[in-house]
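Welcome, and please open your viewer. We will go from stop to stop, and at each one you will hear what to select next and what is there.

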Amino acid sequence: MADAILKPLPDSLFIRHETNAETRIEALAAAGYLTPNELFFVRNNSATPDIDVTMWRLAVGGLGVERAFDLSYDELLALSSRTVTCFLECAGNGRTLYDKLLGRPAKGTLWGLGAVGVAEWRGVALRNLLARAGVRPEAVDVLASGLDTPPIERPIPVAAALDPDTLIATHMNGAPLPPDHGFPARLIVPGWIGMANVKWLGAITVANERVYVEKNTTDYVLKGPDYAAEPPADGARLDRLVVKSALYLPWPADLSAGKQTVAGFAWSPNGTIAAVDVSLDGAATFARARLVGPNLPRAGTRFEFDLDARPGEFTITPRATDDQGIMQHPPSEQVWNELGYLFGAMAPHPVRVQ
Ligand SMILES: Nc1nc2c(c(=O)[nH]1)N[C@H]1C(S)=C(S)[C@@H](COP(=O)(O)O)O[C@H]1N2
Ligand SMILES: [Mo]
């Protein structure tokens with residue numbers, strides 16, 4: 001397990017969870033709008049593979065295309081590219097809040113709220129490669145397969161594959177993808193669960209029927225008393241993420257008394273953030289926070305507010321609303337699921353002031 005992730009993971013910046021590394025969300029306060037590659041969370045089902053890029057090929061094929069073909073890394077880099085800035089978030093981000101706020105633990109990696117980051121991705125629009133292959137009208141799903149061991153794969157519907165912002169990304173924040181983040185190429189599907197953003201791509205396979213693999217049947221589905229199975233999947237489909245916000249503070253946070261500015265991040269898979277409100281009294285009353293810096297669709301925005309902290313213990317609850325009018329709900333309305341996905345409730349963040 002020690003070598004599952006190649007980049008340095010200093011304790012001051014990351015929390016280790018087996019083969020995964022969570023960004024300490026408070027470390028993002030000092031970073032810019034984009035999450036630096038060195039600080040970006042890593043979710044590896046097994047380990048970062050060592051890929052010889054001189055031998056690497058990306059195969060585009062399947063029964064849903066007219067003309068299968070494959071590309072070398074240089075051929076991929078030579079195609080016209082597109083840049084998309086968006087967040088990437090694990091579907092299980094915030095999973096521990098099912099336990100902390102609802103008293104109902106869920107199974108899976110014990111993420112706080114640091115399994116999310118924003119990057120500027122550059123690559124080739126998947127739709128351009130699909131156009132070259134000639135997608136048949138009867139095509140349904142597009143399966144992306146990784147080159148890790150065992151290979152991790154996950155389909156997306158054709159409509160999501162044809163979104164102009166869905167990329168075969170080769171670059172992250174201006175640099176070639178770091179090995180842990182999918183070198184030489186990964187899928188980026190803005191607004192979709194992290195798992196759809198398959199790393200270390202080896203093949204894109206277009207199918208004329210729904211594709212079922214482990215990551216959309218037993219894993220990455222919503223299971224539990226409030227969800228029905230959708231055979232052959234054990235639970236309800238999981239595709240897009242939900243509106244969220246988080247403070248750039250450890251959980252719980254220790255603050256010193258007095259006037260200070262508290263900052264955080266809010267993000268939506270649907271568009272931009274319209275407003276962030278903050279409550280200091282357990283979500284009884286809210287005051288508007290300031291949105292600062294860029295507020296790009298499906299990427300998110302920073303927010304901040306002034307706090308005059310008195311000694312004692314209380315909670316700070318941020319609540320985001322996106323440009324579609326979707327607002328975070330109270331924890332009491334959060335529907336529990338066995339694998340702890342999509343925790344989108346506003347989270348009263350415990351704070352101790354001395
Ligand atoms: N091939 C492959 N792709 C993968 C994964 C993986 O383990 N193998 N993990 C997925 C999950 S669950 C998430 S949340 C994102 C995490 O991307 P990151 O490690 O670059 O932050 O990658 C996705 N793509
Ligand atoms: Mo994930």
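Before the first selection, here is a term for the ligand stops: a polar contact is a pair of N or O atoms within 3.5 Å; within protein, one atom must be able to donate a hydrogen and the other to accept it, and residues adjacent in sequence count only if both atoms are side-chain atoms.

You are looking at a predicted model, where local features need pLDDT of at least 70, side-chain atom pairs count only at pLDDT 80 or more, and totals for chains, interfaces and linings use all residues. Residues are numbered from 1 along each chain as its sequence is written, chains are lettered from A and ligands numbered from 1 in the order in which they are written, and side-chain values use heavy atoms, with hydrogens and water left out.

**Stop 1: ligand 1**

Select ligand 1 and then Phe 41: a polar backbone atom of Phe 41 is 2.7 Å from an oxygen atom of the ligand. Add Asp 148, which has a polar side-chain atom 2.6 Å from a nitrogen atom of ligand 1. Next add Asn 197, where a polar backbone atom is 3.1 Å from a nitrogen atom of the ligand. How much of the accessible area of ligand 1 does the protein cover? The protein covers 100% of the 530 Å² that the ligand has on its own (areas by the Shrake-Rupley method with a 1.4 Å probe; for residues, only the protein chains shown count as cover).

Now show the surroundings: 20 residues are near ligand 1, with Phe 41, Asp 148, His 181, Arg 186 and Lys 199 the closest (a residue is near if one of its heavy atoms lies within 4 Å). This shell has 10 nonpolar, 6 polar and 4 charged residues. Here Ala, Val, Leu, Ile, Met, Phe, Trp, Tyr, Cys and Pro count as nonpolar, Asp, Glu, Lys and Arg as charged, and the others, Gly among them, as polar.

**Stop 2: the cavities**

On a 1 Å grid over the protein atoms alone, a cavity is a set of points where a 1.4 Å probe fits but cannot get out; a pocket is an open set with protein on both sides within 12 Å along at least five of seven lines, and lining residues have an atom within 4 Å of a point. Grid points are joined across faces, edges and corners, and a volume is the space filled by probe spheres set on the points.

The structure has 3 cavities of 30 Å³ or more. The largest holds about 240 Å³ of space. Select Arg 43, Arg 186, Gly 194, Asn 197 and Lys 199, the closest to its centre of the 20 lining residues. Ligand 1 sits in this largest cavity, as more than half of its atoms lie within 2 Å of the grid points.

For the second largest cavity, of about 110 Å³, select Leu 28, Thr 35, Val 118, Tyr 248 and Phe 265, which lie nearest its centre among 13 lining residues. Strand S6 (116-125) gives the largest share of this lining, 3 residues. Helices (H or I, at least four residues) and strands (E, at least two) are DSSP runs, numbered from the N terminus.

**Stop 3: the largest pocket**

The largest pocket has about 260 Å³ of space. Select Ile 15, Glu 22, Gly 112, Leu 113 and Trp 251, the closest to its centre of 20 lining residues. Helix H2 (96-102) is among the elements giving two or more residues, and its 3 residues are the largest share.

**Stop 4: backbone details**

Most residues other than glycine have a negative phi, and most peptide bonds are trans. Select Thr 149 and Pro 150: their peptide bond is cis, with omega near -10°. Pro 150 is in the loop between strands S7 (141-146) and S8 (153-157). Another cis bond joins Phe 183 and Pro 184, with omega about 5°. Finish at Asn 173, whose phi is positive, near 50°.
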